[in-house]
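Trainee: I should like to take one part of this structure and examine it closely. May I put the structure up first and then ask about a single strand?

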Amino acid sequence: MTTPRHPSSMVPLLAVFGLAACSPPSPQTDAGPSAREVEAPAKPDGNGIDLIVHGDYIVTMDDRLTVIRNGAVAIDDGIIVAIGASDEIDAEYSAAEVLPADNRIVLPGLINGHSHAAMTLLRGVADDLELMTWLNDYIFPAEVEFVDAEFVRIGTELACWEMIRGGTTTFVDMYYHPDVIAEVVESCGLRAYVSATVIGQRSPDAEGAQDSVTKGLAFIERWQGRNSRITPIFGPHANYTLNEEQLRATRDAANEAGVPISIHLSESPYEVSYSKENYGTTSIDFFDSIGFFDGLTIGAHVVWPTEEEIPILAERKVGVIHNPTSNMKIASGISPVAAMLQAGVRVGLGTDGAASNNDLDMWEEMRLAAFLQKVDRMDPTVLSASTVLRMATSGGAEAIGLGDRVGALAVGMRADLIQVSFDDVHFVPTYDVMSHLVYVADEQDVASTVVDGKVLMREGEILTVDTARVRREAAALAGRIQGALTERNR
Ligand SMILES: [Zn+2]
């Protein structure tokens, strides 16, 4: 998010506002049809189902980390109806659509637990600057002038395109104009928690905290139960951009509506010292003391929990989202992820906004999460490949309260899964498929992406986002942002 006006409070915002315009992408012609043009193939008769996805390996990410060699996943009405050996699935079912194995690895779709999707439009607009220069000369001017419903629509479409391409199937978003975000998610086919952002100052879609809560409740009412893939939630920004009364009011509103909360939590040394000065105690302890964790809370970052606060996170079942790239790029610090996992805290992974990352690549988050923790602890045995893959799938699903629906491949779960191509030379040879998924794979290796049983990308072709139009619109908007900033900073 970008709007807090206190200088130090901007640190997390950096993550959000960042970059747009240095070299706007040139229009290309990678056309894709609009969502409405994609129709589900007709089901065959008999034991006909919607979709069968084959894989040389099926990495289920169930509790026992079962991996099935030459397997398949059978899907009907958005749900996994069978999983097992390919020949057995083929003998039992006939599907309207089939994704063949061909050197493909099947695993659950990745779960990005913290994003500000529309900030893709500010990708690379300004990096590596002293904080206040960056904010005052680039971010704030761009935000004040350009963040409106249209900006959010184009930026979120761009993000959905990137996430589908990179194998992310669920994301937890915090930005302005949540109705627009939800509409884009509805059309692109991803699964998302969409936050009504609450911040104690004027923002692009509200006059202040009270106004954001009121508008947030109306947004939640419009979207609750409307589409099973979209969960409207509240996203209070942080405890330095909202006071105690405003935080309590947001928690009450969330509980009244029966929705979770996503919030920046113990992200920076600034936040912790602000908390001590203003609330008399460290950040997590303060939130606990006002009953803020009475209801599902998704805490982004959690870089600076004290030793005493880690058990609070476990006990209150706070879902912690680790954002290693953003924490490194804006020098927030190193989150004690291994210690939190050991204490039973539910920990997932996220990218944060594209201003502090600068992409939405969950594969990179997995790799950096592992490496950062190993070097921090000077112990290569912490955060193994399977532990990190769990954080990006089933562990992330548990952290955001969706562990019984997505994050693992098992009968009865929603069919959110991906095929990763092992064609590239960097997968040769393959001794351990889980090692390759964490230490080798990139966004570009994802071949197909399926959410709720619907194929959103097939062999690299994006089916639900009009990519040519989005590329054109993003480039045009970036050009206007760059022009305005150049003029301003001349
Ligand atoms: Zn953030």
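Which residues of β10 lie on one side and which on the other, and are they buried or exposed?

Mentor: Please bear in mind that this is a predicted model. On one side of β10 are Ile261, Ile263 and Leu265, and on the other are Ser262 and His264; all of these are buried, so that both faces are covered. In a regular strand the side chains alternate between the two faces of the sheet. The strand spans residues 261-265, and five of its five residues are buried.

Consider next the neighbouring strand in the pairing. Strand β11, residues 297-301, runs parallel to β10, and the two are joined over five bridges. One of the residues involved is Ser262, whose bridge partner in β11 is Ile298.

His264 leads to the metal site. Through its NE2 atom, His264 coordinates the zinc ion, together with His114 (NE2), His116 (NE2) and Asp352 (OD), at 2.1 to 2.5 Å. Along the chain these donors follow the spacing H-x1-H-x147-H-x87-D. Distant parts of the chain are thereby linked: His114 belongs to strand β6 (residues 110-115), whereas Asp352 sits 238 residues away, in the loop between β13 (346-349) and α13 (362-377). His114 counts as buried because its relative accessible area is 0%, which is under the 20% cut-off. Asp352 is likewise buried, with a relative accessible area of 0%.

The geometry of the site deserves a separate remark. The angles among the four donor atoms of the zinc ion run from 83 to 170°, and the site is irregular. A tetrahedral assignment is excluded because it would require all angles to lie between 85 and 135 degrees.

Leu265, on the other side of β10 from His264, leads to a different set of contacts. Leu265 is touched by Leu313, which also touches Ile284, Val302, Pro305, Val318, Val320, Met340 and Val345, residues up to four places away in sequence not being counted. Leu313 itself lies in helix α10, residues 309-315. Its relative accessibility is 0%, and Leu313 therefore counts as buried. Between the C-alpha atoms of Leu313 and Arg346, which are 33 residues apart along the chain, the separation is 8.3 Å.

In summary, β10 supplies His264 to the coordination of the zinc ion, pairs with β11 in the parallel sense, and holds Leu265 in contact with Leu313.

How values were computed: Residues are numbered from 1 along each chain as its sequence is written. This is a predicted model: local features need pLDDT of at least 70, side-chain atom pairs count only at pLDDT 80 or more; totals for chains, interfaces and linings use all residues. Side-chain values use heavy atoms; hydrogens and water are left out. Donors are N, O and S atoms within 2.8 Å of the metal (3.2 Å for Na, K and Ca); water is not among the atoms, so sites may look incomplete. Four donors count as tetrahedral if all angles lie between 85 and 135 degrees; four count as square planar and six as octahedral if opposite donors are over 155 degrees apart and all others between 65 and 115; anything else is irregular. Helices (H or I, at least four residues) and strands (E, at least two) are DSSP runs, numbered from the N terminus. Buried means under 20% relative accessible area, exposed over 50%, partly exposed in between (1.4 Å probe, protein chains only). Two strands pair if DSSP finds at least two bridges between them. Contact means heavy atoms within 4.5 Å.
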